[in-house]
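Here is a short briefing to read alongside the coordinates. It goes from single sites to the whole chain.

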Amino acid sequence: MLAENHGILKTADVVAAGITKDYFYEYVKSAGLEKAAHGIYISPAAWPDEMYLLQAQIPRVVYSHETALYLHDLAEKEPVPLTVTVAAKYNNPALTEKGVHVVYVKKEWHEMGVCERASPGGHKLIVYDMERTICDIIRKRSEMDIAAFNYALKEYMKRKDKNLSRLMAYASKMQLEKKIRETMGVLF
């Protein structure tokens, strides 16, 4: 399990696999695993995958905005700080303590466009798909670096796997149709 998870184990996954906590904690000690967070252990030889560790600790977050652009290869550089989206009224002080940029959205928008992508460390992450991410950055355009914004849109339009009908469906639900058409018209 440790090898399959790139050097990171969660107590919940081990217990779900039928291994007792006592036996697991003995293994943690004998293998020299380090506690990365509550219920999460990492091999000293493993690369600490910060994106995965954050989401393992706080499963309600969805990687979004600049972080999602990066995970979809629509950004030139790694995002600092990481950006996540949570449903309105959700509060977890650990996010701000870790220096994460948190975006709050309507509860009905939170699950819209969720997909899985691999982290740089090879772990499965929950992230918004490209189309939802494009809607998000257009919605928050004033908060973004203009060069990063333009690069993301140009790269998106070059992609063979883009889905413009899905983009417009999200735009309709988020009341962004006019902004999307104007933005795409100006850039392309």
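## Serine 64 and its surroundings

Serine 64 counts as buried, because its relative accessibility is 0% and the cut-off for buried is under 20%. The model is a predicted one. Serine 64 lies in the loop between β4 (62–63) and α4 (65–71).

- Apart from residues up to four places away in sequence, serine 64 touches Thr83, Val84, Thr85, Tyr128 and Asp136.
- One of these contacts, Tyr128, has a charge over its ring: the charged end of arginine 132 sits there, 3.9 Å from the ring centre.
- Tyrosine 63 is placed in strand β4.
- Tyrosine 63 also counts as buried, with a relative accessibility of 0%.
- Tyrosine 63 and methionine 51 are 12 residues apart in sequence. Their C-alpha atoms are 8.7 Å apart in space.

**Helix α3**

- Methionine 51 is one of the buried residues of α3.
- The others listed are Tyr52, Leu53, Leu54, Gln55 and Ala56.
- Helix α3 spans residues 50–57, and 6 of its 8 residues are buried, so the rest of the structure largely encloses it.

**Aromatic pairs**

- The structure holds 3 aromatic pairs.
- In one of them, phenylalanine 24 and tyrosine 25 have ring centres 5.6 Å apart and planes at 45 degrees, so this pair is tilted.
- Why is that angle called tilted? Planes under 30 degrees apart count as stacked and over 60 as edge-to-face, so the rest are tilted.
- Phenylalanine 24 is buried, at 3% relative accessibility.
- Tyrosine 25 is partly exposed, with a relative accessible area of 36%.
- Phenylalanine 24 also pairs with tyrosine 41: the ring centres are 5.6 Å apart and the planes stand at 75 degrees, so this pair is edge-to-face.
- That pair links distant parts of the chain. Phenylalanine 24 is in helix α2 (residues 21–31), tyrosine 41 is in strand β3 (residues 40–42), and 17 residues separate them.
- Phenylalanine 24 and tyrosine 41 are both buried.
- One aromatic cluster takes in Phe24, Tyr25 and Tyr41.

**Backbone geometry**

- Valine 80 and proline 81 are joined by a cis peptide bond, with omega about -5 degrees.
- Proline 81 sits in the loop between α4 and β5 (83–87).
- Which phi does histidine 6 have, positive or negative? Histidine 6 has a positive phi of about 55 degrees, although it is not a glycine.
- Histidine 6 is in the segment before β1 (8–10).
- With a relative accessible area of 40%, histidine 6 is partly exposed.
- Lysine 89 is a residue other than glycine with a positive phi, near 75 degrees.
- The place of lysine 89 is the loop between β5 and α5 (93–97).
- Is lysine 89 buried or exposed? Lysine 89 counts as exposed, because its relative accessibility is 83% and exposed means over 50%.

**Threonine 183**

- Threonine 183 belongs to helix α10 (residues 177–187).
- Its relative accessible area is 6%, so threonine 183 is buried.
- Which residues does threonine 183 contact, leaving aside neighbours within four places in sequence? They are Ile138, Arg141, Phe149 and Leu153.
- Threonine 183 and leucine 153 are 30 residues apart along the chain, and their C-alpha atoms are separated by 9.1 Å.

**Whole chain**

- The protein has 10 helices and 8 strands.
- Its C-alpha atoms fill a box of roughly 60 × 30 × 30 Å along the principal axes.
- Of the 188 residues in the protein, 44% are buried.
- Among contacts with a separation of 6 or more, 53% come from residues 24 or more positions apart.
- The accessible surface is about 10500 Å². Carbon and sulfur atoms account for 51% of that surface.
- The protein carries 26 positive and 24 negative charges, and the mean positions of the two sets are 7 Å apart.

Key. Residues numbered from 1 in each chain as written. Predicted model: local features only at pLDDT ≥ 70, side-chain atom pairs only at ≥ 80, totals over all residues. Heavy atoms only, no water. Helix = DSSP H or I, 4+ residues; strand = E, 2+ residues; numbered from the N terminus. Buried < 20%, exposed > 50% of the residue type's maximum accessible area, 1.4 Å probe, protein only. Contact = heavy atoms within 4.5 Å. Areas by Shrake-Rupley, 256 points an atom, 1.4 Å probe, with all protein chains shown as cover. Lys, Arg positive; Asp, Glu negative; His and termini not counted. Charge placed at Lys NZ, Arg CZ, Asp CG, Glu CD. Phe/Tyr/Trp six-rings, centres within 6.5 Å; stacked < 30°, edge-to-face > 60°. Lys NZ or Arg CZ within 6 Å of the ring centre and 35° of its normal.
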